[in-house]
Amino acid sequence: MSAFVLVEVNIQDPELYEEYKKLTPSSVEAYQGKFVIRGNPIQVMEGEWNFDRLVLLEFPSKAIALEWYNSKEYQIAKKIREKASSANFFIVG
């Protein structure tokens, strides 16, 4: 059963965030993940949206998604993201 990682992001340092964006795809692919949504424009139909960016990742299972999130590869990118932005991560599935 697939698992999805939903990420809401507010970017404080766009230049540094670009470095994060360069590192993340290879870490996701290494864990059989794929980007479903990556920063597409958001149109609010109900409620409020107070973030700069939305990312949705799909992994083969929750266990693999958690392996990716905690992996050495992603931790390198994560440190850059934490300096460049604030984010909320959710796992579904």
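The following dialogue considers how to read several features of this predicted model.

Me: Which secondary structure elements does the protein contain, and in what pattern do they follow along the sequence?

Reply: A fold is first read as an inventory and then as an order. The protein has three helices and four strands, and along the sequence they follow the pattern β-α-β-β-α-α-β.

Me: What does the radius of gyration say about the protein?

Reply: The value is set beside that of a compact globule with the given number of residues. For 93 residues such a globule would have a radius of gyration near 12 Å, and the 13 Å of the protein agrees with this. The C-alpha trace spans about 30 × 30 × 15 Å along the principal axes.

Me: What share of the residues is buried, and how much area does the protein expose?

Reply: Buried residues account for 35% of the 93 residues. The protein exposes about 6,000 Å², of which 52% is supplied by carbon and sulfur atoms.

Me: How should I read the separation of contacts along the sequence?

Reply: One takes the contacts with a separation of 6 or more and asks what part joins residues 24 or more positions apart; in the protein, that part is 74%. A single pair may serve as illustration: Phe90 and Glu8 are 82 residues apart along the chain, yet their C-alpha atoms are separated by 8.8 Å. Phe90, which lies in strand E4, is in contact with Phe4, Val5, Leu6 and Glu8, leaving aside neighbours within four places in sequence.

Me: Is Ser85 buried or exposed, and where is Phe90 on that scale?

Reply: Relative accessibility is judged against cut-offs: under 20% is buried, over 50% is exposed, and values in between are partly exposed. Ser85, at 5%, is therefore buried, whereas Phe90, at 38%, is partly exposed. Ser85 is found in strand E4, residues 85–92. Beyond four places in sequence, Ser85 touches Val9, Asn10, Ile11, Gln12 and Tyr17.

Me: Which side chain of opposite charge is nearest to Arg53?

Reply: For a buried charge, one looks for a partner within the salt-bridge limit of 4 Å. Arg53 is buried and has no salt bridge; the nearest side chain of opposite charge is Glu18, 6.6 Å away. Arg53 belongs to strand E3, residues 53–59. Not counting residues up to four places away in sequence, its contacts include Val7, Glu8, Tyr17, Lys21 and Arg38.

Me: How far apart are the mean positions of the positive and negative charges?

Reply: Here each set of charges is reduced to one mean position. For the 11 positive and 13 negative charges of the protein, these positions are 6 Å apart.

Terms used: Residues are numbered from 1 along each chain as its sequence is written. This is a predicted model: local features need pLDDT of at least 70, side-chain atom pairs count only at pLDDT 80 or more; totals for chains, interfaces and linings use all residues. Side-chain values use heavy atoms; hydrogens and water are left out. Helices (H or I, at least four residues) and strands (E, at least two) are DSSP runs, numbered from the N terminus. The radius of gyration is taken over C-alpha atoms; the globule rule is 2.2 Å times the number of residues to the power 0.38. Buried means under 20% relative accessible area, exposed over 50%, partly exposed in between (1.4 Å probe, protein chains only). Contact means heavy atoms within 4.5 Å. Accessible areas come from the Shrake-Rupley method with a 1.4 Å probe; for residues, only the protein chains shown count as cover. Lys and Arg count as positive and Asp and Glu as negative; His and the chain ends are not counted. The place of a charge is taken as NZ of Lys, CZ of Arg, CG of Asp or CD of Glu.
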